[in-house]
Amino acid sequence: MNTESVVQKSAPYHVHISSKHKLLDLKLKEVFRYRDLIWLFTKRSVFVRYKQTILGPAWIFLNPFITSIIYTIVFGGIAGIGTEGVPKILFYLCSNAIWIFFSSSVTQNASTFTANANVFGKVYFPRLTIPISNVISAIILFGVQMTLVLGFLAYYLFKGEVHPNWMACLAIPVVLVHLGLLGLGVGIIVSSMTTKYRDLAILVGFGVQLWMYATPIVYPISQIKNETLKTIMLINPVSAPVEVFRYGILGQGSVEPLYLGISWIVTIALTLLGIMLFNKVERTFMDTV
């Protein structure tokens with residue numbers, strides 16, 4: 001057996017690194033080849049986050065639980081915002097779980113270039129593996145937080161105070177893909193822009209917080225009586241998937257196919273734009289970071 005045949009068998013594909021890329025070259029095949037690396041980055045993101053903390057992984061439960069209690073007191077008690085007959089603590093736990101998943105996908109990906117510049121400058125691998133791993137780690141943490149939601153759901157189911165729509169629950173994986181792609185797209189767009197404009201890194205946390213109040217998280221969409229304002233809220237691409245999620249878990253809410261379709265169009269457009277911009281910036285970002 002000659003040397004050439006051995007090389008061909010041991011190396012079924014090769015990587016050609018070049019500074020020239022086509023704008024529409026998403027390099028998804030290359031990303032798929034590095035799926036093992038995606039899993040390694042995912043484990044790093046999940047386990048390192050709570051390393052050297054006193055309570056460790058307990059923060060996964062404490063964060064949404066404490067936040068939900070505060071929302072119950074402030075919005076449900078003091079402000080008197082209704083929750084369509086759903087027990088307030090369950091409503092806010094459910095809303096918090098899906099929002100934390102989306103906001104984590106945005107904020108973690110928004111610092112991709114700046115937070116990983118030392119790694120990017122030493123070795124080559126598809127840069128998209130890190131943003132994708134951030135979304136996957138957010139899904140894992142969402143699954144853990146949902147055990148808390150399901151515990152309260154089982155209690156109120158036993159009391160007959162909540163009636164989930166089990167058929168709509170089948171759409172929850174689609175909702176996660178939907179919000180994961182949207183968070184990925186928005187996050188990597190911000191990350192690509194922060195290589196030159198560092199102000200965005202400071203504003204992203206504030207912006208995500210404002211985005212939450214523009215999304216029916218601490219209130220159901222039915223509480224908005226002004227039709228114009230309600231339409232604006234529904235155009236928000238996060239609103240429709242959040243309503244689908246709560247409709248499945250709690251059996252309450254409204255699913256508007258029109259706004260869900262608009263949300264998908266915006267999500268796909270932002271994801272493609274984000275990947276193209278990300279691939280373009282990765283060629284020169286080491287000169288500006």
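Which residues does Val 31 touch, not counting residues up to four places away in sequence? Select Val 31 and you will find Ile 38, Pro 126, Leu 128, Thr 129 and Ile 132 in contact with it, where contact means heavy atoms within 4.5 Å.

Before going further, a word on the model: it is predicted, so local features need pLDDT of at least 70 and side-chain atom pairs count only at pLDDT 80 or more, while totals for chains, interfaces and linings use all residues. Residues are numbered from 1 along each chain as its sequence is written, and side-chain values use heavy atoms, with hydrogens and water left out.

**Stop 1: Val 31**

Val 31 belongs to helix α2 (residues 28-33); helices here are DSSP runs (H or I, at least four residues) numbered from the N terminus. Val 31 is buried, at a relative accessible area of 7%. Buried means under 20% relative accessible area, exposed over 50% and partly exposed in between, with a 1.4 Å probe and protein chains only. Now add Thr 129: it is 98 residues from Val 31 along the chain, yet the two C-alpha atoms are separated by 6.3 Å.

**Stop 2: Ser 68 and the rings**

Move to Ser 68 in helix α4, a buried residue with a relative accessible area of 0%. A polar atom of its side chain lies 3.4 Å from the backbone oxygen of Tyr 92. Leaving aside neighbours within four places in sequence, Ser 68 is in contact with Ile 89, Tyr 92, Leu 93 and Asn 96.

Keep Tyr 92 selected and show the aromatic side chains. The whole structure has ten aromatic pairs; rings of Phe, Tyr and Trp (its six-membered ring) pair if their centres lie within 6.5 Å, and planes under 30 degrees apart count as stacked, over 60 as edge-to-face and the rest as tilted. Tyr 71 and Tyr 92 are edge-to-face, because their planes stand at 65°, with ring centres 6.0 Å apart. This pair links helix α4 (residues 59-78), which holds Tyr 71, to helix α5 (residues 88-110), which holds Tyr 92, across 21 residues of chain. Both Tyr 71 and Tyr 92 are buried.

Next, pick Phe 102 and Trp 211, another edge-to-face pair, at 5.1 Å centre to centre and 85° between the planes. Here Phe 102 in helix α5 meets Trp 211 in helix α11 (residues 199-213), 109 residues apart. Phe 102 is buried, at 1% relative accessibility. To see a cluster linked by ring pairs, select Tyr 71, Phe 75, Phe 91, Tyr 92 and Tyr 213.

**Stop 3: helix α13**

Select residues 239-250, which make up helix α13. Eleven of its twelve residues are buried, so the helix is largely enclosed by the rest of the structure. Show α5, α8 (129-159), α9 (166-169), α10 (172-194), α12 (227-235) and α14 (257-281) to see what the cover over those buried residues includes. Just after α13, Gly 251 takes a positive phi of about 75°.

Inside α13, which residue forms a salt bridge with Arg 246? The partner is Glu 243, with the closest N and O atoms 2.8 Å apart; a salt bridge is a side-chain nitrogen of Lys or Arg within 4 Å of a carboxyl oxygen of Asp or Glu. The two lie three residues apart, about one turn of the helix. Glu 243 is buried at 2% relative accessible area, and Arg 246 is buried at 3%.

**Last stop: Glu 161 and Lys 159**

The structure holds two salt bridges. Glu 161 and Lys 159 also meet in one, at 3.2 Å, N to O. Glu 161 is partly exposed at 34% relative accessible area, and Lys 159 is partly exposed at 43%.

Technical notes: Expected span 1.5 Å × (residues − 1). Polar contact = N/O pair within 3.5 Å; in protein donor to acceptor, adjacent residues only side chain to side chain.
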